[in-house]
Amino acid sequence: MWIAENWKDYEVIDCSKGEKLERWGKYLLVRPDPQVIWDTPKTEKGWRKMNGHYHRSAKGGGEWEFFDLPEQWQIHYGSLTFNLKPFSFKHTGLFPEQAANWDWFSEKIKKAGRPVKVLNLFAYTGGATLAAAAAGASVTHVDASKGMVTWAKENAVSSGLKDAPIRWIVDDCVKFVEREIRRGNHYDAIIMDPPSYGRGPKGEIWKIEDAIYPLVQLCGQLLSDDPLFFLINSYTTGLQPAVLSYMMNTVLKKYHGTIKADEIGLPVSSNGLVLPCGASGRFER
């Protein structure tokens with residue numbers, strides 16, 4: 001498993017009975033996690049001193065309950081700064097486990113010895129965009145949500161990357177890729193973090209099991225002749241690491257690189273366990 005173990009401003013303190021206790025900077029949140037199927041004693045005092053608690057509803061969805069939590073605050077990862085705020089469906093605007101991937105591709109960009117153009121699809125609030133830009137890449141950031149792109153820009157400003165070579169695009173990712181192919185544009189690296197289910201800006205339906213492979217095929221046409229890396233993240237339990245690996249091999253084998261796929265996870269500080277948080281597939285040369 002690839003583990004995001006270099007955080008100072010974030011930690012999973014404990015997890016039990018479908019929930020995880022997390023520290024985000026100086027604030028403690030309790031959020032649901034479907035992977036936590038065990039029921040262990042909640043002896044950590046944070047369970048009783050939380051600043052926010054997201055309650056799942058039996059009908060689906062849920063709502064936040066707050067105890068002395070600001071509307072927005074910041075945490076840091078290395079030189080990067082992220083603005084956090086709790087919003088719909090338990091999210092805070094950041095997936096900390098992705099730091100395992102940020103560290104991996106940042107080193108590849110720094111050691112490339114050449115200009116690197118990165119395409120980040122389903123780019124959310126910009127964690128991967130900022131990590132790639134801070135490492136020296138020029139980045140095209142694409143997300144269907146105007147609000148998320150605005151949030152990502154705020155994170156860029158907070159991280160001192162306001163003037164970094166980042167192109168911000170609000171668009172349906174599939175349609176953007178199709179247009180880039182027609183324009184004849186190419187990228188040295190592609191990152192994609194697709195949702196299990198989503199809608200584009202004009203109501204386009206995205207269902208990962210149906211749409212991911214055709215999109216990877218399209219993205220294969222966008223890679224430069226000497227691609228540096230290709231990263232796919234999946235939070236869908238049906239897409240196991242072996243599935244990601246096989247899918248990437250079928251599309252990218254002509255580049256004669258190395259493809260590995262594994263779970264990604266976060267260490268649990270109170271008991272030494274690692275909480276699984278999805279899977280990633282990595283192509284590199």
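**Exercise 1. Around helix H2**

Which residue follows H2, and what is the sign of its phi? Then describe how far H2 is covered and where the chain goes on either side of H2.

*Solution.* The structure is a predicted model, and the steps below are read from that model.

Step 1. The residue that follows H2 is Gly136, and its phi is positive, near 115°.

Step 2. Turning to the helix itself, seven of the eight residues of H2 are buried, so that H2 is described as mostly covered. The buried residues are Gly127, Ala128, Thr129, Leu130, Ala131, Ala132 and Ala133.

Step 3. Ala135 belongs to the loop between H2 and E10, and Ala135 counts as buried because its relative accessibility of 13% is under the limit of 20%. Its C-alpha lies 18 Å from that of Phe283, a residue 148 positions away in sequence.

Step 4. Strand E9 pairs with strand E10 (residues 138-143) in parallel, through five bridges. The path of the chain leads from E9 through H2 to E10, and this β-α-β crossover is right-handed.

**Exercise 2. Strand E9 and its two partners**

Determine how enclosed strand E9 is, and identify which residues stand opposite Leu121 and Asn120 in the neighbouring strands.

*Solution.* Step 1. Strand E9 covers residues 117-121, and because four of its five residues are buried, E9 is largely enclosed by the rest of the structure.

Step 2. On the side of E10, Leu121 has Val142 as its bridge partner.

Step 3. With strand E12 (residues 189-192), E9 forms four bridges, again in the parallel sense. Here Leu121 has Met192 as its bridge partner, while Asn120 stands opposite Ile191.

**Exercise 3. The eight-stranded sheet**

Set out the order of the strands in the open sheet, say which strands stand at its edges, and follow the pairing from E1 to E17.

*Solution.* Step 1. A general point helps here: the strands of a sheet pair through backbone hydrogen bonds, in either a parallel or an antiparallel sense.

Step 2. The open sheet has eight strands in the order E1-E16-E17-E15-E12-E9-E10-E11, and its pairing is mixed. Strand E1 (2-3) and strand E11 (166-170) are at the edges, where each has a single partner strand, so one side of each has no neighbour in the sheet.

Step 3. Starting from E1, two bridges connect it in parallel with strand E16 (residues 258-267), and Ile3 stands opposite Gly265.

Step 4. E16 in turn pairs with strand E17 (residues 274-284), but in the antiparallel sense and over nine bridges; in this pairing Gly265 stands opposite Pro276. The hairpin of E16 and E17 has six residues between its strands, and in this hairpin Gly272 adopts a positive phi near 80°.

Step 5. Ala261 offers a further point in E16. Its relative accessible area is 24%, and Ala261 is therefore classed as partly exposed. Between Ala261 and Leu231 the sequence separation is 30 residues, and their C-alpha atoms are 9.6 Å apart.

**Exercise 4. The second largest pocket**

Describe the second largest pocket by its volume, its lining and the elements that contribute to that lining.

*Solution.* Step 1. The volume of the second largest pocket is about 200 Å³.

Step 2. Its lining includes Tyr77, Leu80, Trp102, Asp103, Glu107, Lys110 and Ala135. Two elements, helix H1 (99-111) and helix H2 (127-134), each give two or more residues to this lining, and H1 gives the most, with five residues.

Step 3. By residue class, the lining is made up of six nonpolar, three polar and three charged residues.

**Exercise 5. The cysteines**

How many disulfides does a search of the whole structure find, and what surrounds Cys219 and Cys277 in terms of cysteine distance and burial?

*Solution.* Step 1. The search of the whole structure finds zero disulfides. Cys219 is in no disulfide, and the nearest cysteine sulfur, that of Cys173, is 8.7 Å away.

Step 2. For Cys277, the closest cysteine sulfur is that of Cys15 at 9.4 Å, which is too far for a bond.

Step 3. Both residues can be placed by accessibility: Cys219 counts as buried at 0% relative accessibility, and Cys277 likewise counts as buried, at 9%.

Key
Residues are numbered from 1 along each chain as its sequence is written. This is a predicted model: local features need pLDDT of at least 70, side-chain atom pairs count only at pLDDT 80 or more; totals for chains, interfaces and linings use all residues. Side-chain values use heavy atoms; hydrogens and water are left out. On a 1 Å grid over the protein atoms alone, a cavity is a set of points where a 1.4 Å probe fits but cannot get out, and a pocket is an open set with protein on both sides within 12 Å along at least five of seven lines; lining residues have an atom within 4 Å of a point. Grid points are joined across faces, edges and corners, and a volume is the space filled by probe spheres set on the points. Ala, Val, Leu, Ile, Met, Phe, Trp, Tyr, Cys and Pro count as nonpolar, Asp, Glu, Lys and Arg as charged, and the others, Gly among them, as polar. Buried means under 20% relative accessible area, exposed over 50%, partly exposed in between (1.4 Å probe, protein chains only). Two strands pair if DSSP finds at least two bridges between them. A crossover is right-handed if, with the strands pointing away from the viewer, the path from the first strand over the helix to the second runs clockwise. A disulfide is a pair of cysteine sulfur atoms within 2.5 Å.
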